[in-house]
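Biologist: Could you take me through one part of this model up close? I'd like to hear about the side chains there and what they pair with.

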Amino acid sequence: MQSGAVGAVDSSAVPAIPRRAWQALMLTSFGQFFVIFDSTVLNVGFASIERDFVGVARTTLAWALTSYSIGTASLLLLAGRVADLFGRKRVFLIGISVFALGSLGAGLSPNVGILIATRSIQSIGGALMVPTSIALALPEFPAERRSLAVGVWGSIAALAGGLGPPLGAGVIELGGWRWIF
């Protein structure tokens, strides 16, 4: 477009996005990716887990799915407040650590009780990561470009939800259900 034309965008008026902003967004979105991914991936692993834990009622095994969803969703608001009080970066890093420990425990679970407990631990880590992920990234972006950051963050979350089942099925096929964690 010619300068002065209606709808022309003056590129000098739109602030550049610093490299640090993109790095923060990608790192924090990566954490959120796994929280969302883990909310969908177990659905395809359910039959494999059921075969390994012979004699466990489906309703009991379903708590491996449910404990994660309930735990993550119910702790989101509290996690955001904790991040405000103790620091977003600290809470995000604690969330990653707790999530990773829960994932390791879930993958090594010798029985369904341990699987349910470690999925609950994962949910605590996930709840700590989700609100802090966007809260860490947004301040790095110029105010005029924050909607772009939110769009990318949301798209990565949607991608995780969509990729969970097919990637999970591939991982289960190659290495077994324990590797989805």
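Modeller: Let's start with F34, which is partly exposed at 31% relative accessibility. Bear in mind that this is a predicted model. F34 shares helix α1 with F30, four residues away, or about one turn of the helix. F30 counts as exposed, because its relative accessibility of 52% is over the 50% cut-off. The ring centres of F30 and F34 are 4.9 Å apart and the planes sit at 85°, so this is an edge-to-face pair. Those two aren't on their own, either: ring pairs join F30, F33, F34 and F37 into a cluster. Across the structure there are seven aromatic pairs.

Another of the aromatic pairs brings in W22 and F141, edge-to-face again, with 5.4 Å from centre to centre and 80° between the planes. W22 belongs to helix α1 (residues 19-52), while F141 is in the loop between α4 (112-137) and α5 (146-175), so the pair ties together parts 119 residues apart in sequence. As for burial, W22 is partly exposed with a relative accessible area of 32%, whereas F141 is buried, at 2%.

Now for the charged contacts at helix α1. R20 makes a salt bridge with E140, and their closest N and O atoms are 2.9 Å apart. That contact links distant parts of the chain too: R20 is in helix α1 and E140 in the loop between α4 and α5, 120 residues apart. R20 is exposed, with a relative accessible area of 57%, and E140 is partly exposed, at 24%.

Then there's D38, whose side chain meets that of R119 in a salt bridge, 3.7 Å from N to O. Here the link runs from R119 in helix α4 to D38 in helix α1, 81 residues apart. Both R119 and D38 are buried. R119 has a second contact worth a look: R119 lies over the face of Y68, 4.2 Å from the ring centre.

E50 forms a salt bridge with R58, and the closest N and O atoms are 2.8 Å apart. E50 is partly exposed, with a relative accessible area of 22%, and R58 counts as exposed at 55%. The count of salt bridges in the structure comes to three.

How values were computed: Residues are numbered from 1 along each chain as its sequence is written. This is a predicted model: local features need pLDDT of at least 70, side-chain atom pairs count only at pLDDT 80 or more; totals for chains, interfaces and linings use all residues. Side-chain values use heavy atoms; hydrogens and water are left out. Rings of Phe, Tyr and Trp (its six-membered ring) pair if their centres lie within 6.5 Å; planes under 30 degrees apart count as stacked, over 60 as edge-to-face and the rest as tilted. Helices (H or I, at least four residues) and strands (E, at least two) are DSSP runs, numbered from the N terminus. Buried means under 20% relative accessible area, exposed over 50%, partly exposed in between (1.4 Å probe, protein chains only). A charge sits over a ring if NZ of Lys or CZ of Arg is within 6 Å of the ring centre and within 35 degrees of the ring normal. A salt bridge is a side-chain nitrogen of Lys or Arg within 4 Å of a carboxyl oxygen of Asp or Glu.
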